[in-house]
Amino acid sequence: MIPLALYITIELIKLGQVFYMQQDVHMFSEDKDEAFVARSLSMAEELGQLTHLLSDKTGTLTQNKMILRRCATVDSECAVENQSCSVPDKDADFRDLLTNMIVCNTVFVQNKRRRDVIDVGSSVSFKRCSTCLFIHSYGFTDSDLIDEEERLSGIRDINYEGESPDELALVKGARRFGYYMTARANNSVTFQRVGEPDIKVEVLCTLPFDTDRKKMSVCIVGAHDEEVIVFSKGADSSMLKSTGKRVKRPSERLQAIPEEDEDGFPLQSTNFQPSREELIRSKVDEYARMGLRTLVMGMRVMNRSDFDDWFKTKTMVELSHIPGNEQSEKEWQDMAEELEQPTRVIGVTAVEDKLQEGVESSIRSLREAKIQVWVLTGDNKLTAEGVATACGLFRDVPVHFDLDSDERYDGEDVLVSKNQITEMCLPVSTAFDRLDGCCSVLCYRLNPGQKAEIVKAVKRRGGIVAAIGDGANDVPMIQAAHVGIGVSGNEGSQASMAADFVLAQFSFVSRLILLHGHWNYARIANVLLYFFYKNVQNVMITFFIQVANGWTCGFPINMTYSVTYPIIFTSLQPILFGVMEQDRTEKELLADSTLYEPGRDGKLYNVKQFLLNLVDAVWQAAVCYATVHYLVIDSTHSAQYLGFCLASTMFTTNMTHLILETRCL
């Protein structure tokens, strides 16, 4: 039976622990003006028992403030630095690339520079529809993304807002080449080239980005009404496999261009020349090794009649679409694929997303504490591997997980691909058993659903699992973990609202876990042991009284003492101990991460500790009763005096025991 007083005591202790955690000035971000927030009172001690930490990458480990750094086509490449750039001459693909950057996005123009001051987590996401009302989720001004010396000359009063920092980076990056988006409406986009009048293009249809297609497309009217241009952008895994024959514009058919093969590509000479797709892929790999986030751009020119036929199909699919229905979702994907499949790749962009300060030291501390750190990302392998190395997740050359072997990966850093995840997450799979001893794991090319499945699979292996993320797509992962940690970032407050704890930046996670987690678990463990100790001692003294009285049911201790003993005499002390006790100093815990191991391995509260505590309580009860009994038995004092001495001795012994357990005095 669990004493009712124990429930009340533990809840009061957790309330006090959370209060003092929120007062920690070292977990306050001056840049964001945000402090640590605890949204749950029941998870404080679990922070001291973590065995796994699964983290998102973008916005969690990184700043989620993107800056365009590279643009490339088959014929040209530009490094975007802190000054204006020129458009390569005689490269039509590069001009199409810049137009794609302006048109194919959800960014809109904000006339006045402002910052949101309301909760942005309730903003409505884009729905599958031909035209969408552009809603705001958060905004950046130039001063948010680039320093003063990086600002562009030219138009100064244009501010952009959008759902994705990647899109903002592309639109702002296009300004460096003299391409300015000046307005966006439901069915049009207006942009300007330096020295030229505004160009207004009519938007016929938008296919928003989704995690299955991993691409987005916008259809606009071309040079004349009978021409429709489809601009697409997406991950290299989806764009480079969907390239097809290029449909030429009427203006291009009049130009003298090289002969092309049946797929629309220039005929190769006798000397080996890489294909367009191979050239773009080489650029993607090059930028990924630099740790940059890449997007492949494509376009398709089609006849208006063909587009109208496709649009009728799209309308029928939308009207019959049932969210969550497998057949309905497949029809939607097939409809989108029909438009996007014959896309001609025109180039690649690469944006930089810098790591947050303190990420490397935090991950290093977690690894030293023997907490297995997982990073789950949707980036391609090379980009993810570059960031993992930069943030300290990988200390040595990582090994690729082999699903078909029985090899264990003790002490290794492991790479896991998207294709292996589905089979690994099956309940009958033993793949996770082979990862038990590894130091860290990096999973790439994942969608939000797969992240949540990984968290659930790791939970099935045992241990306490924490998940940390910053965006709405991380909510399933956070909710699937034992402990959910949100990072307040630029992608709304959905992750923060779903989490048990909210941090302003990732670097605070080591302090939260290694310091507060250790303290809270040690406090709760010792309070539980003390609570059972004092109750067993009380019961055993009653037992010894009955033995000495010949089981006459006589009880010399006044009932007032018996009733007030757990309420007054022994109630406040364990609460203060559970809130304020520090078995190790802050400096010691942060300097030596291995001190976290006793909590992680459950050494502070287990069957052995419980039994030793009970034996100690019985021994102390016997000593207390025997001492008082032999001092009073032959005297002329009454039984009430004996009871008073026993109660005083028991209370004094309990207090002394707790004082000896206290380390922070």
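## A one-turn pair in helix H8

Arg304 and Asp308 both sit in helix H8 (residues 304-319), 4 residues apart, so about one helical turn separates them. Arg304 is partly exposed, with 22% relative accessibility. Asp308 is also partly exposed, at 32%. Elsewhere, Lys57, Asp166, Arg293 and Asp379 are joined into one network by salt bridges that share partners.

The model is predicted. In it, Arg304 and Asp308 form a salt bridge. Their closest N and O atoms are 3.3 Å apart. A nitrogen-oxygen contact of this kind counts as a salt bridge within 4 Å, so the Arg304-Asp308 contact qualifies.

## Salt bridges across the chain

Side chains of opposite charge can pair when their charged atoms come close. How many salt bridges does the structure hold? The count is 30. One of them pairs Arg276 with Asp93, at 3.1 Å from N to O. Arg276 belongs to helix H7 (residues 276-289) and Asp93 to helix H2 (residues 92-103), so this contact ties together parts that are 183 residues apart in sequence. Are its two partners buried or exposed? Arg276 counts as buried, at 14% relative accessibility. Asp93 counts as buried too, at 6%.

Asp166 and Arg293 make another salt bridge, again with an N to O distance of 3.1 Å. This pair also links distant parts of the chain. Asp166 is in helix H4 (residues 165-175), Arg293 is in strand E12 (residues 293-303), and their positions lie 127 residues apart in sequence. Both residues are buried.

## Charge and nonpolar patches on the surface

Where does negative charge gather? A surface patch of negative charge brings together Asp396, Asp402, Asp404, Glu407, Glu412 and Glu423. Take Asp396 as an example. Its place is the loop between helix H11 (381-390) and strand E15 (399-400). Asp396 has a relative accessible area of 58% and is exposed. Patch members need over 30% relative accessible area, so Asp396 clears that cut-off.

A second patch is nonpolar and covers about 690 Å². Its residues are Ile2, Leu4, Tyr7, Ile8, Leu12, Leu15 and Leu41. Of these, Ile8 lies in helix H1 (residues 4-22).

## Cysteines without disulfides

How many disulfides are there? The structure holds 0. Why does Cys205 not bond to Cys219? The cysteine sulfur closest to that of Cys205 is in Cys219, but it is 4.8 Å away, which is too far for a bond. The cut-off for a disulfide is 2.5 Å, so this pair does not count. Cys205 is buried, with 0% relative accessible area.

Cys443 gives a similar answer. The closest cysteine sulfur, in Cys425, is 8.4 Å from its own, also too far for a bond. Cys443 has a relative accessible area of 0% and is buried.

## Positive phi at two loop residues

Which residues have a positive phi without being glycine? Asn64 is one of them, with phi of about 60°. Asn64 sits in the loop between strand E2 (50-56) and strand E3 (67-72). Its relative accessibility is 1%, so Asn64 counts as buried.

Lys370 is another, with phi of about 65°. Its loop runs between helix H10 (359-368) and strand E14 (372-376). Lys370 counts as exposed, at 52% relative accessibility. Exposed means over 50%, so Lys370 passes the cut-off.

## Strand E14 and Leu442

Strand E14 contains Val373. Buried or exposed? Val373 counts as buried, at 1% relative accessibility. Val373 and Leu442 are 69 residues apart along the chain. Their C-alpha atoms are separated by 8.6 Å.

Definitions and conventions. Residues numbered from 1 in each chain as written. Predicted model: local features only at pLDDT ≥ 70, side-chain atom pairs only at ≥ 80, totals over all residues. Heavy atoms only, no water. Patch = residues over 30% accessible without salt bridge, like charges linked within 9 Å, V, L, I, M, F, W, Y side chains within 5 Å. Areas by Shrake-Rupley, 256 points an atom, 1.4 Å probe, with all protein chains shown as cover. Salt bridge = Lys/Arg side-chain N within 4 Å of Asp/Glu carboxyl O. Lys, Arg positive; Asp, Glu negative; His and termini not counted. Charge placed at Lys NZ, Arg CZ, Asp CG, Glu CD. Buried < 20%, exposed > 50% of the residue type's maximum accessible area, 1.4 Å probe, protein only.
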